[in-house]
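Q: I am new to this structure and would like to learn how to read its features one at a time. Could we begin with the interior and then turn to the chain as a whole?

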Amino acid sequence: MSTNNIPGHQYLTRRVLSMQESQTMRITALANKMKAEGKDIVSLSAGEPDFPTPDHVNQAGIDAIRSGFTRYTANSGISELKKAIQEKFRRDNGLEFQENEIIVSNGGKQTLANTFLALCQEGDEVIVPAPFWVSFPEMVRLAGADPVIVHTTLESEYKMTPDQLERAITPKTRILVLNSPSNPTGSVYSEAEVRALMKVVEGRNIFVVSDEMYDMIVYGDVRPFSPARIPEMKDWVIVSNGVSKTYAMTGWRIGYLAGPKWLIDACDKIQSQTTSNPNAIAQKAAVAALSGDQSIVEERRREFEKRRDYMYEALNSIPGFRTAMPQGAFYIFPSIAGVLGKTFNGMLMKDSADVAEYLLRDHFVATVPGDAFGAPENLRLSYAASITALEEAVNRIRKAFQ
């Protein structure tokens with residue numbers, strides 16, 4: 001029988017072929033496989049809190065099941081949840097949105113993907129500062145547009161300057177992506193820095209997608225500032241957030257988006273023809289998370305801060321490693337330029353992928369290579385793990401590069 005007509009990769013679309021696999025998911029899967037084989041893996045790769053979902057949130061989900069709240073809901077989310085999101089924006093962010101300016105989706109990824117699909121088309125450009133969250137460039141490509149990467153440095157705390165932004169803008173620029181607090185660096189743009197960037201794009205018909213998923217996990221006197229608070233930019237800013245990180249609800253898959261009604265309507269249309277409404281039970285749980293006692297958020301934030309302080313001091317004490325102090329989220333992003341080009345245990349460290357593989361296979365520490373985030377001389381380490389686990393990981397890393 002002829003095999004000439006057997007379908008394969010040649011039938012895949014250009015948009016799929018242009019995308020890369022998520023490195024964070026790949027490394028986590030490999031670490032889990034090694035764990036299943038009995039290896040003593042210390043994983044600093046997963047982007048989720050190690051804390052459990054709060055009890056009252058779980059109970060709200062259980063109550064939803066028992067009461068039969070298990071059917072389709074409104075495509076854009078139930079009114080009760082939208083009202084809770086409105087109050088969250090007022091309480092925590094100083095933002096005012098109408099209920100019809102909010103859509104609830106199946107996680108923060110879907111809110112962002114819907115936005116790029118609604119706003120981008122072939123030939124458009126989207127400015128993405130690097131280091132970036134792994135999915136930003138791929139979502140842009142999936143929407144048919146081209147990501148324009150703006151590289152930042154450790155010395156600037158991995159934050160883009162107004163001059164860099166100005167140089168990146170062309171007549172094709174459609175969107176600026178701003179992620180603060182940042183995954184992977186933990187950087188947070190101050191109010192002054194946000195206002196300076198908005199001055200560059202104001203009046204130029206450029207939208208700003210502001211990913212604020214980690215807005216409640218910040219340290220010291222740092223306070224994130226949303227560009228949507230600037231009156232002149234309100235119609236041009238789209239705010240993405242969710243309950244995953246703040247309330248340890250990664251698996252519940254609830255994200256939400258706020259912006260101009262015409263854009264929310266477009267995202268609603270896309271969602272209606274792809275996934276329909278987000279999980280009904282998870283929506284009820286999200287109401288409890290956003291509307292209930294918020295003291296647990298502060299308790300966990302303080303614990304993350306202790307871990308951050310430990311990791312900052314410990315990693316900077318390892319020869320070849322150098323890191324900035326994260327101001328938010330639960331990641332630290334050390335430069336490993338000092339170990340690149342050297343050989344350890346017979347393996348040449350050409351780039352961050354080599355370093356991550358060496359740490360995992362030889363020393364059983366799971367990290368994520370920085371090239372997944374547009375920074376091939378860095379590693380991303382999550383400190384969403386116990387102090388005991390972090391100490392063990394650091395000891396293994398130090399031993400690996402002695």
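**Reading the interior**

A: In this predicted model, the largest nonpolar core has 45 residues, and those with the most contacts inside it are L81, L165, L176, M198 and V201. At least two residues of this core come from each of several elements, among them α4 (79-93), β5 (173-179), α8 (191-201) and α10 (280-291). The largest share, six residues, is supplied by α10.

Q: Why look for such a core at all?

A: In soluble globular proteins, nonpolar side chains tend to be buried together. Here a second, separate core of 38 residues also exists, and it includes F321, L381, L390 and A400.

Q: Which residues does L165 touch, leaving aside those up to four places away in sequence?

A: The partners of L165 are I127, M160, L176, L197, V200 and V201.

Q: How does the radius of gyration of the chain agree with that of a compact globule?

A: A compact globule of 402 residues would have a radius of gyration near 21 Å, and because the chain has 21 Å, the two agree. Along the principal axes, the C-alpha atoms fill a box of roughly 65 × 60 × 50 Å.

Q: What share of the residues counts as buried, and what does the exposed area consist of?

A: Of the 402 residues, 54% count as buried, while the chain exposes about 17,700 Å², of which carbon and sulfur atoms supply 50%.

Q: How many helices and strands does the chain have?

A: The chain has 13 helices and 14 strands.

Terms used
Residues numbered from 1 in each chain as written. Predicted model: local features only at pLDDT ≥ 70, side-chain atom pairs only at ≥ 80, totals over all residues. Heavy atoms only, no water. Helix = DSSP H or I, 4+ residues; strand = E, 2+ residues; numbered from the N terminus. Rg over C-alpha atoms; globule rule 2.2 N^0.38 Å. Buried < 20%, exposed > 50% of the residue type's maximum accessible area, 1.4 Å probe, protein only. Areas by Shrake-Rupley, 256 points an atom, 1.4 Å probe, with all protein chains shown as cover. Core = buried A, V, L, I, M, F, W, Y, C linked by side-chain atoms within 4.5 Å. Contact = heavy atoms within 4.5 Å.
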